[in-house]
Amino acid sequence: FNKTLKLLMLNQWLTVRCVLIPRLKSPGVKRRFRIYSSALLVLQWLTNKDYKGGERFLVKMAAPLTLLVILSVTIRAVLYRSSLAEVISERVEVVSPLTAWKRVVEGLALLDLGVSPYSGDVFHETPLIIYLFHFVVDYAEITFMLADVITAVALYMAVMDYNKQVFRKQKYALEADRYPLDCLELIRSPKEMYYIPLKVAMFYLLNPFTILSCVAKSTCGLNNAVIALFILTTIKGNVLLSAIFLSLATYQSIYPLTLCAPALLYLMQRQFIPVNFRRVSFWWFIAQYAFMYLGSLFVIVGLSFFLLGSWDYVPSVYGFILSVPDLTPNIGLFWYFFAEMFEHFRLFFLCVFQINVFFYTIPLSIKLKEHPVFLIFMQLAVISIFKSYPTVGDIALYMAFLPVWSHLHRFLRNIFLVSCVLLACSALFPVLWHLWIYAGSANSNFYYAITLLFNVAQILLVSDYFYAFLRREHHLSYGLYLKRKDGSEATLVLK
Amino acid sequence: MGLLSDPNRRRALISLLTRLNSPICVVCYMAGVAWFMGLAFEPFTLRTYMSENAMGSTMVEERFPAGERALTTGREFSAHKKKAGGMPVDWLVKTMQARGLEVFTQRFSRKLPFPDENKERYMVKGTNVYGILRAPRAPRTEALVLSAPCTPGDSNNQAVGLLLGLAQYFRNQIYWAKDIIFLVNEHDLIGMQAWLEGYHHTNTTGMDWSPLQGRGGSIQAALSLELSSDVITSMDLVLEGLNGQLPNLDLANLFYAFCQKIGVLCTIQGKLQRNDWDSVSGYSHSVQTMMLMVMKQASGRPWGDHGLFLRYHIEAASIKGINSFRQYKTDVTTIGRSESPTPVLLLLPHAVTLSLCLHWVLHASLRPPRRVLSVLTPLVISHLTGVALYTLPIQFQEMAVEQFPVSETEAVVLTAIGVYTAGLALPHNTHRLLSGEGTEQGWRVLKLVAVLYLAVLLGCTALINFSLGFILALTLVPVAAFVTPHVPKVLSAFILVILSPACTLLFSVFFFQELQELPVSFQEGWLLYLSVISQGILDHFLYGSLVYPLIALLVYPCWLLFWNILFWK
C-alpha cells in the first residue's frame with residue numbers, strides 16, 4: 001500500500017509539473033487531471049509492479065506505448081467514419097463466414113426475435129460472442145478497438161517478461177562459460193532488447209492487416225485478444241489463468257488447442273519440472289493442467305448451453321469449422337480444393353487438410369522443447385496458414401512476434417524475397433478479385449494462384465525463421481565459425 | 001528449395017545478376033517493346049476464331065425490309081425533336097406503344113462538379129425512354145439492349161429511326177427467346193448511367209434518378225447505334241469502355257464477320273484492315289491501328305454509349321457509321337464465354353517489370369536498412385501531395401474563380417496543373433526533416449522502396465488496363481532504372497520531367513492527333529490537353545473512371561519518390 005501511495009504521489013507531482021500547471025485555471029481540469037493520473041497509475045501498475053526504476057520506465061516506455069495506442073485508435077476511428085469501412089467489411093480477405101460482422105448482426109436479430117441464431121446457415125460464431133454483443137452492440141466499434149489494444153498491451157507485457165527471462169538465462173550461461181568464445185557477437189545486449197516489446201505492440205497495432213480486420217469488425221480481433229491474454233498469462237506463469245484462456249481460445253475456434261503443447265512445456269520449464277515421461281511429477285503436472293483446461297472448457301460449453309437452451313451451436317460452429325461447407329474464396333488453401341474435388345473424396349481430403357494443422361505440433365514440440373515461446377510463434381503461424389477460414393487478422397497476430405526474433409536477422413536468407421512476395425500478393429488480391437468478379441476477364445484460377453503464392457510465401461517466412469532459430473542455437477553450442485573435418489569452412493544446410 | 005537454401009548457389013546467382021544488371025535491364029526493356037510492336041505484325045498474332053458454332057454468321061437471317069420506313073421515322077423524330085427543343089418524350093412513348101412495346105420512362109438529374117465546356121452542360125436534367133419487347137418464349141429471364149442516344153442538334157436521328165424500325169420488325173417475329181429493350185437515352189453517357197443504375201439498383205456516383213417501372217431479364221448484351229446520315233460508306237466498331245474494359249472478343253469478331261458477309265465495309269479505329277501485312281506500309285498501318293486502340297484504352301474513358309455496360313459485366317459495343325439499312329438480325333447473346341481478349345498481352349508487362357526485378361536483387365544484396373524513418377518522410381509527403389492533387393482542384397474552384405479571371409473549368413484544370421508543379425518544388429530533401437543529413441544508404445533504401453512500389457503498381461495497373469500500364473511502364477521504367485543522386489542534376493531533372501505522367505499525357509495528346517491524321521499546332525494541342533484533363537476529372541466524378549485517382553494518388557507520388565532521389569543530399 002505504501003508503495004502504491006508513493007507511486008500515486010509521484011505521478012501526480014509529475015503530471016502537475018509537466019502538463020497541467022500551465023492550464024490549471026480552466027474549468028474541468030481537475031476531473032481530467034484525476035482521470036489522467038489514474039490512467040497513468042493503472043498503466044504503470046500493469047506494466048511494472050515494483051517502484052524501482054518506475055520513473056524512468058514511465059518516461060521511456062509507457063509514454064511511447066500510450067502514444068502508440070492513441071495513434072492506432074485514431075486511425076481506426078477515422079477509418080470507421082470514412083466510406084472505406086463498408087468496402088473493407090465486404091472483402092473476403094478480411095472477413096470469413098465465421099468472423100463477418102454482418103453475420104453477427106444477423107444472429108443478433110434472430111436472437112431478438114426469439115429464434116435460435118443458428119437456425120439457417122448464416123451465423124457461425126459462438127454463443128458467448130453473441131451474448132457479448134447482445135449487450136455491447138451499440139459500442140461495437142469501441143469493443144473492437146479495445147480488443148486490439150488489449151492484444152497489443154498483453155503481447156507487450158508478455159514479450160517484456162520473456163525478454164527478461166531470456167536475458168537472465170543468457171547471463172547464467174555466460175557465467176557458466178557455456179558459450180564458445182567466438183559466439184560473442186551472437187550474445188544479445190539489453191540495449192537492442194529494450195525496444196522489442198514496443199516494436200511488438202507497434203507491429204500489431206499499426207499492421208495494415210490488423211487495422212483492416214478491426215475496421216471490418218471481424219471477430220477475429222476478439223479471438224486474437226483471447227490468445228494474446230493466454231500467452232501473457234502463460235509467460236507470467238499463472239497456470240490457472242493460462243488454462244482458462246486457452247480453453248476460451250479453443251472454444252472460439254478449436255485450432256488454438258495445439259497451443260497447449262508449448263504452454264505445458266513453458267510452464268514446466270518455469271517450475272523446473274523435467275520433461276521426462278518416466279517422472280511422476282511430469283504426469284502430475286499434465287493432469288493438473290488438463291483438469292483445469294477441461295474443467296473450464298466444460299464450464300464454458302455448459303454455460304453456452306444454458307444461455308441458448310440447446311446444442312444447436314455445436315454443429316453450427318465446430319461442424320462448420322471442421323467440415324468446411326462454405327467455399328467462399330478466402331486467403332486460405334481450402335476453398336479451391338474443395339470446390340474442384342469430386343464429392344467422393346471429400347471426407348478423405350477433409351481429414352488430410354485438418355490433420356495438417358494439428359500434425360506439426362508433435363515434431364515441432366520435440367524439436368523446440370527448450371524454446372516454448374518460439375514454439376508458440378510457430379504454432380500460431382501454422383494455424384493461420386492451414387486453418388479452414390483464415391483471414392488477414394490471423395496473420396497479423398503471428399507477425400506481431402517477428403520483432404522478438406529480430407536477433408535472427410543475420411541468419412535469415414529469403415526475408416527480402418518473401419516480404420516482396422507478401423507485399424505484391426496483398427496488392428494483387430483485390431485486383432484479381434476485381435478482374436474475376438467484376439470485369440470477367442480473369443477467373444478463379446487467377447485468384448487462387450495468388451492465394452497459393454501468398455501461402456507459400458508465408459510458409460517460406462516461417463521456415464526461414466525456424467531455420468535461423470535452429471542455426472543460432474547450433475552456433476551457440478558449437479561456435480560461430482564451423483570447420484569441416486578437413487579444416488575448410490563448413491556451411492549449414494537445412495534438410 | 002535448393003536455390004533458396006543453398007548459400008553457394010545463391011551467391012553465384014546474385015553476383016551474376018549484379019554484374020549483368022544493366023545489360024539485362026536494357027535487354028528486357030527492349031524485348032518488352034519489341035514484343036509489343038510485334039503484336040501488330042500479323043504472323044505473330046493469334047487468328048481470331050469463334051468459340052461456338054451457334055454464333056456463326058450462318059445462323060442469321062439477313063433481311064430487313066423496312067429500311068425506307070426507318071428513314072421516314074428518323075425524319076419524323078427529328079422534326080419532333082426540333083419542336084420539343086430536346087427529347088420528344090411523348091412522341092417516343094406514343095410511337096413505341098404503337099409498335100407494341102411496353103414503354104416506360106425514367107427521369108434523372110445530375111449536377112456536374114464543374115461545367116463541362118466540351119458539351120456545354122452543368123445542371124443536367126433529362127428523360128430516358130425505353131420499350132421492352134417481351135420474348136414470346138421465356139420472357140423476363142434474359143434481355144438484350146439496343147440503344148440510340150438522343151443528341152441535341154441534327155445528328156443521330158437516323159439511329160433512333162432505325163431503332164424504332166427494328167422494334168417494329170422484331171415485333172413480328174415469333175422466335176425470340178430474350179427480351180429486347182429499345183432504349184433512347186438523353187445526354188448520352190449520363191442518361192445511360194442513370195438507366196443502368198436504375199436497372200441494377202445501384203448508385204455509385206450519387207445521381208438522382210426515378211426508379212424504373214419495368215424490367216426485362218438480366219441483360220446479356222448491348223449494342224449502341226450512332227448513325228447520322230442516310231447514306232452508308234462504312235461502319236465503325238467501337239469497343240473501348242470505362243476503365244479500358246473491352247467486351248468479349250467474339251462480339252467484335254462476329255460483327256466483323258457479318259460485315260464481310262453482307263459486303264459492308266467495317267472499320268476498326270476508323271481504319272480499314274489491309275491484307276498486305278508483309279509490306280512496310282501495311283505494317284505501319286496496323287501499328288497505327290493498334291496504337292490508336294492503346295491510346296483510347298489507356299484513357300480509361302468510355303468511347304461510346306456502350307462503355308458503361310461493361311461495368312455490369314454485359315458485353316457491349318457501339319456501332320458508329322452510316323447504314324444502308326440492310327439488316328443483320330442477330331442473336332448476339334449466344335456468345336460463349338471465352339477468355340479475356342488477348343491473354344498473351346498479359347504476359348507483356350512482366351517482361352518490362354522484369355528489368356525492375358533485377359533492381360530489387362541488386363539492392364537486396366545491400367545491407368539491411370537502418371534508417372527506415374528517413375524513407376517514411378518522403379513517402380508520406382509525396383502521398384500528401386498526391387491527395388492534394390486529387391482533392392484541391394474541385395475544392396478550390398470557387399475561390400479560384402473569384403480570385404482570377406478564369407472560368408470554372410479552367411480553374412479546375414489550372415489548379416490541378418498548379419498543384420502538380422508545386423509538388424515538384426516541394427518535397428525534395430524531405431528526409432532531412434527527421435533524420436538530419438541524408439546518407440548514402442538512405443537513398444538506396446528509398447530507391448528500393450520506390451522501385452518495389454512502382455513494380456507492384458505497374459503490375460496491378462497492367463492487369464486492369466493493359467494499355468495504361470504499358471504506357472506508364474514505357475515512360476517510368478527508364479526513370480526508375482537510371483535515377484541516382486550522382487547523375488548530372490539539370491539534365492536528369494529535365495529527362496525526369498519529360499517522362500513524368502503529365503508530360504506523357506501531353507505527348508499522348510499530340511501523338512493521338514497525329515495517329516488520327518488530324519495534326520494540331522502547339523496552341524491547339526495545349527487547349528486540347530487542358531480539355532483532356534478536365535474530361536478526365538469529369539469522367540471520374542460522373543462515371544467512376546479510375547484513371548484520374550490512379551494518377552493523382554499513386555503514380556504521381558511514386559514518380560515524386562524518384563524526383564526525391566535525384567535531389568537527395
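In this predicted model, B:A400 lies in helix α12 of chain B, which spans residues 397-403. Because its relative accessibility is 14%, below the 20% limit, B:A400 counts as buried. Apart from neighbours within four places in sequence, the contacts of B:A400 are with B:V406 and B:A411. B:T73 stands 327 residues from B:A400 along the chain, and the two C-alpha atoms are separated by 48 Å.

A second alanine of chain B, B:A455, belongs to helix α15, residues 440-464. With a relative accessible area of 10%, B:A455 is buried as well. Its C-alpha atom is 36 Å from that of B:A221, and 234 residues separate the two in sequence.

The wider setting of these residues is chain B. The chain has 569 residues, of which 54% count as buried, and its secondary structure consists of 20 helices and 10 strands. Among its contacts with a separation of 6 or more, 80% involve residues 24 or more positions apart. Chain B exposes about 25,100 Å², with 63% of that area supplied by carbon and sulfur atoms.

An unreviewed UniProt entry lists residues 20-41, 344-366, 372-390, 450-483, 490-512 and 546-568 of chain B under "transmembrane region". Two of these spans can be described from the model. Residues 450-483 are 94% helix and 0% strand, yet the C-alpha atoms at the two ends are 11 Å apart. Residues 490-512 are 91% helix and 0% strand, and here the end C-alpha atoms lie 30 Å apart.

Elsewhere in chain B, helix α5 covers residues 89-98 and contributes B:V89, B:W91, B:L92, B:V93, B:T95 and B:M96 as buried residues. What surrounds them? The cover over the buried residues of α5(B) includes helices α4 (67-84) and α6 (157-171), together with strands β1 (102-116), β2 (121-133) and β4 (179-186) of chain B. After α5(B) comes B:G100, which has a positive phi near 85°.

A positive phi also occurs in chain B at a residue other than glycine: B:H187 has a value near 50°. B:H187 lies in the loop between β4 and α7 (188-200). The relative accessible area of B:H187 is 23%, so this residue is partly exposed.

Another loop residue, B:S545, is placed between α19 (522-543) and α20 (547-566) of chain B. Is B:S545 buried or exposed? Its relative accessibility is 2%, and B:S545 therefore counts as buried. Beyond residues up to four places away in sequence, B:S545 touches B:L242, B:N243, B:G300, B:D539 and B:H540.

Attention now turns to chain A. Its secondary structure comprises 22 helices and 0 strands. Of its 495 residues, 52% are buried, and its accessible surface comes to about 24,200 Å², with 68% belonging to carbon and sulfur atoms. Among contacts between residues at least 6 apart in sequence, 75% join residues at least 24 apart.

Two packed helices are described by the angle between their axes and the distance between the axes. For helix α7 (residues 140-175) and helix α11 (residues 220-236) of chain A, the angle is about 25° and the axes are 8 Å apart. This angle is why α7(A) is described as roughly parallel to α11(A). The crossing of α7(A) and α11(A) is left-handed. On the α7(A) side the residues in contact include A:F144, A:A147, A:I150, A:A154 and A:Y162, and those on the α11(A) side include A:L222, A:A225, A:A228, A:L232 and A:K236.

What arrangement do α15(A) and α17(A) adopt? The axes of α15 (residues 313-323) and α17 (residues 346-359) of chain A come within 9 Å and cross at roughly 95°. The two helices are therefore roughly perpendicular. A:I321, A:L322 and A:S323 of α15(A) meet A:R346, A:L350 and A:Q354 of α17(A).

A:V324 is found in the loop between α15 and α16 (334-340) of chain A. Although A:V324 is not a glycine, its phi is positive, at about 50°. Its relative accessibility is 1%, and A:V324 thus counts as buried.

Definitions and conventions:
Residues numbered from 1 in each chain as written. Chains lettered and ligands numbered in written order. Predicted model: local features only at pLDDT ≥ 70, side-chain atom pairs only at ≥ 80, totals over all residues. Heavy atoms only, no water. Helix = DSSP H or I, 4+ residues; strand = E, 2+ residues; numbered from the N terminus. Buried < 20%, exposed > 50% of the residue type's maximum accessible area, 1.4 Å probe, protein only. Contact = heavy atoms within 4.5 Å. Areas by Shrake-Rupley, 256 points an atom, 1.4 Å probe, with all protein chains shown as cover. UniProt positions renumbered as here; feature names shortened; annotations may be inferred. Axes fitted to C-alpha atoms, helices over the stretch in contact; angles between N-to-C directions. Parallel < 35°, antiparallel > 145°, perpendicular 65-115°, else oblique. Left-handed = near helix turned anticlockwise from the far one by under 90°.
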